[in-house]
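Colleague: I am new to reading structures, and I would like to learn by example. Could you pick a single part of this one, look at it closely with me, and then show me how to read other places in the same way?

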Amino acid sequence: MVVAVPPFFSSLSPRVRPSALSRRNQLSFNKTSSLSLFLPFGLYHTEFREFFPFGLKQRAHGPVISAKKSSKGSKQDSEMYKHTIDLPKTTFGMRANSIVREPEIQKFWEDNDVFKRVAEKNTGETFILHDGPPYANGKLHMGHALNKILKDIINRYKLLQNYKVQFIPGWDCHGLPIELKVLQSMDQAARKDLTPLTLRELAAKFAKETVDVQMKSFKRYGVWADWSDPYLTLFPEYEAAQIEVFGQMATKGYIYRGRKPVHWSPSSHTALAEAELEYPDGHVSKSIYAIFKMVSTSSISHDVLKEFLSNLCLAIWTTTPWTIPANAAVAVNPGLVYAVAEVHSVIEDTSSSLGKRTKLRSILKNEEKKPFIIIASDLVPALESKWGVKLVIKKTFLGAALENCRYLHPLDGKECPVVMGGDYINTESGTGLVHTAPGHGLEDYMTGLKYGLSILSPVDDSGNFTEEAGQFNGLNVLGDGNVAVVKYLDDNMLLILEEPYKHKYPYDWRTKKPTIFRATEQWFASVVGFRQAAMDAINMVNWIPPQAENRINAMTASRSDWCISRQRIWGVPIPVFYHVDTKEPLITEETISHIKAIISKKGSDAWWYMSNEELLPEKFRSNASKYQKGTDTMDVWFDSGSSWAAVLGKREGLSLPADLYLEGTDQHRGWFQSSLLTSVATTGKPPYSCVVTHGFVLDEKGLKMSKSLGNVVDPEIIISGGLNIKDEPSYGADVLRLWVSSVDYTGDVLIGPQILRQMSDVYRKFRGTLRYLLSNLHDWNPGNSIAYDDLPKIDQHAMFQLENVVKIVEDCYDKYQFYKIFQILQRFAIVDLSNFYFDIAKDRLYVGGSGSFTRRSCQTVLAAHFFSIIRMIAPIMPHLAEDAWQNLPFEHVLDNGSVARSVFDLRWSDLNERWLSMPASDADFWTSILELRNEVNKVLEVARGEKLIGSSLEAKVYLHTSDAATNSRLQEMCGAMHEADSLHRIFITSQVEVLRCLDEVSQTVQYNGSYISQANIEIWIGVSLADGLKCERCWNYSSNVGMFSEHPTLCSRCFTVIGDIQPLKASAQVC
């Protein structure tokens, strides 16, 4: 969509034409009509000063200075007119004093219940941003700050938009991290006497204390929420709702128990879901190439392989040698071409070419008897190079021919089959043959099910080999057990090569230690049963940024089962009983419903302290002694993934789906997905209408924050300051919030000392803008407003610019594009207003006369700007907005007749189409005038540098153009009906003369330049000393000074202001 461009943006990209004269500067500017062309929407910190041209040139400050200091006038004269100057007045300080003022403002909000009061008073639709629960196990970090502040910006904007905003904060309170925190706080003796109930009691206490700490921090960020009634996943009503979701999925057949490989954490002694894993860089595995001796062929391959069978081997490659004891088969791809290769002599200097950490084993160095090896034909060249041998191909055949061939297990000598695998077997690496251990890999497991292979997993909860592993019993699979298996293979002439292999490997996200794949009895949610419905639901959701949809699509499409059971104590129990003899699970709709009712009243602790008779429904109580309670708890992602049911589905005033979920990009495999799966499985619908994701917070150099690097940025220190106030000053919450608004959160974002200093500077300038507005409205009464049609043209143009900005900002808020709002408002409210309208308005405001039309019209514009700017910044910097509002020098009455006591009592106004209706030709003309002013300032600067003038009020400007229409418009402005539209007021000079002929003064005016308009019309600019004498009151030079005997030092305007005398008419050509 093409957006109409406010003319003030056109100055962003001027083109300077080379000057022909030393003091002649020619400029042409390029107007654009698309928002994307004029807004610098890259990350602000790439080149910060591109958006912050704060080095503004000094302008004339006559009225202010004259009230304080006389120039060429007596002290008596100065004092005489001082009371006639309308100087700015405000109680709104320039210094924020955020460390004191922000808590005071927050107390004002809390004491007056502003959030709840405004939300209830609003008459629009309900807006529900469902809070993803942070984990209650420590202090908040920058990621938390980014997340909650983004949510608060949205909620506050929606409040201003008249929505009934509902925001219930939540916390994730179960799981291993909290359990470990409790255990780490206890000594060994205390741990020995620890009962499950005591551990749960301590864990709940720790979680609740952490919630209190985190809640206090969120409040200090300025986040509004229903803090008195949050949701915690440990609340009985929440746990009961979670049990209900589990029961519904079980009733529909989506929950089952099975023995299959899962991610297992030896360091945590529990199964893990994919979302509980991380893949750090730098992991190195011990990889090996080994051979398994073939003992028989299939009927299909007999003729091909019989001549090699006595010394024929299958070559495999694995990065987990410790899984060899569980080997049940070797898998090949039926469609690949395989070869029988004869091993010839070892290439010289092999050891040096392979590297110090690569070991070539004796099997290939044995000159007497080298084996024939089956490998993928395409891999022969690569393996020759890697092994340092010559491989001579003797036969080739398709992999399908190898099915049902048999080989000897390398450890126990049992015969094992060759089986057909899938596309996971390829020629990208390895040998084309895959060592298959169904107890230690998902693909192996699926292949094992197909061929009825045994699912052996001779590894215990701690990651040590069990008795089933024979001689390796007791050894740790990730340590000495792995080494022992490799040594055994080498000792038995079965090892070809050992080498380190750097790759991505799953680690436990909590303990930061490696995991393993291990087959255990677990509870699963069968995603396959409703996966297509989940994929369809994804397409119903608005994903921001759009690429997020691709990510969750890929993750959901590849998911078959979700392991939902954990072998921990601190969590919601899986409500199942097991028959003492048969171990068959008892899980029915009736048993689940009964347990849910108990937990809703007593909490999940009841599972541990109540008897079987109490926990079982009446019909099963007679056989209670035949059952035992399960000890597994639910995956914490099932906990938080049920929040849509426990919160949105249960609380009054809330409903499904939520309007918005907003979390970090890692939640595509976490909360976004678990919420989607549980909701689709039970209701057939997604729990959200829109999902917004943000990136991670990095330091200024783009590095991940870590204590070891010393680059951690603490949000608490940003707000309140650190021990060294010089290095770690207190910026307050609004500077932190301003930073949040400034970054493109859809990717990773940067923060650090330099960026914070820049944000603080921007904040200070926003505060300065509001202070200017308030201070010049100190005597304002809304009843004094001037109707739009009666305003001077320059004021109408200011309203046109303002409303265009409001229109664009509203669109950006609706699209959650806050960094664009930051850039637009920074440019408009700080730079453009200060450089132009605020600059030229001072004369009207200070010396135009308290009740004069020119001052009232200007105040009308300033009031409109204040109300619009305060609304636009309130969601981002609410403390600043409220502080300014509390210093408003007049009462603002709302449409319902009540007085707005808080800035959030305001409503986002409908766009004023009258203000936006300025004809394009007029808007273009004013754009040209603003550009002309810039060029006039350049010539004035040259004259100032050459000591011709000091203040710009000492100057007279000459203009000339050969274009008759432009000349006429300029002359009209010199004789404008409203003095505010006069060129000399716009240029802040004492006079402007539009020349009919350039020859009149071109030889006598030393300082000149030119401007080329959009229509390619050239305007000549000249500067000389102003005519007349300096007015004692306004410092403008005028030939009228000295004409009034009562006030000989005043110009006609000032004489009129103080003496109520009609002003003299200005010349048609000189103004």
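Modeller: What follows starts with one sheet and then moves on to helices, cysteines and loops.

Before we start, please keep in mind that this is a predicted model, in which local features need pLDDT of at least 70, side-chain atom pairs count only at pLDDT 80 or more, and totals for chains, interfaces and linings use all residues. Residues are numbered from 1 along each chain as its sequence is written, and side-chain values use heavy atoms, with hydrogens and water left out.

Let us begin with the sheet. Four strands line up in the order β8-β7-β22-β24, forming an open sheet with antiparallel pairing. The names come from DSSP runs numbered from the N terminus: helices are H or I runs of at least four residues, and strands are E runs of at least two. Two strands count as paired if DSSP finds at least two bridges between them. At the edges stand β8 (270-272) and β24 (561-563); each has a single partner strand, so one side of each is left without a neighbour in the sheet. From one strand to the next, the twist averages 65°. Inside the sheet, β7 (residues 255-265) and β22 (residues 516-526) are antiparallel partners, joined over 10 bridges. To find this pairing on your screen, look for V262, which stands opposite R518 in β22. Strands of a sheet pair through backbone hydrogen bonds, either parallel or antiparallel.

Next, look at helices that pack together. Two packed helices are described by the angle between their axes and the distance between the axes. Axes here are lines fitted to C-alpha atoms, for helices over the stretch in contact, and the angles run from 0 to 180 degrees between N-to-C directions. Helix α10 (residues 236-251) packs against α18 (residues 589-602) at an angle of about 170°, the axes being 8 Å apart. That makes α10 roughly antiparallel to α18 (under 35 degrees counts as roughly parallel, over 145 as roughly antiparallel, 65 to 115 as roughly perpendicular and the rest as oblique). Among the residues that make the contact (heavy atoms within 4.5 Å) are A240, I243 and F246 of α10 and I592 and I599 of α18.

A second pair gives you some practice. The axes of α29 (residues 853-873) and α30 (residues 878-886) cross at roughly 150° and come within 8 Å, which makes α29 roughly antiparallel to α30. Here F866, F867, I870 and I873 of α29 meet P878, L880, A881, A884 and W885 of α30.

Now ask which side of a helix is covered. In α32 (residues 964-974), the buried residues are T966, N967, L970, Q971, M973 and C974 (buried means under 20% relative accessible area, exposed over 50% and partly exposed in between, with a 1.4 Å probe and protein chains only). They lie on the same side of α32, because they cover an arc of only 155° around the axis, the arc being that of the directions from the helix axis to the C-beta atoms. An α-helix has 3.6 residues a turn, so residues three or four places apart point the same way. On the other side of α32, A964 and A965 are exposed. The cover over the buried residues of α32 includes α31 (920-945), β34 (955-960) and α33 (983-987).

Helix α33 also helps to cover α34, as does α28 (818-847). In α34 (residues 1052-1059), S1052, R1053, C1054, F1055 and T1056 are buried. C1054 leads us to the cysteines. The whole structure holds zero disulfides, a disulfide being a pair of cysteine sulfur atoms within 2.5 Å. C1031 is in no disulfide, and the nearest cysteine sulfur, that of C1054, is 3.6 Å away. The sulfur of C1051 also has C1054 as its closest cysteine partner, at 3.7 Å, too far for a bond. C1031 is buried at 0% relative accessibility, and C1051 is buried at 7%.

Finally, visit some loops. Most residues other than glycine have a negative phi, and most peptide bonds are trans. A cis peptide bond joins I544 and P545, with omega about 0°, and P545 sits in the loop between β23 (542-544) and α17 (547-557). Another cis bond joins L656 and P657, with omega about -5°. N162 has a positive phi, near 80°, and is partly exposed at 22% relative accessible area.
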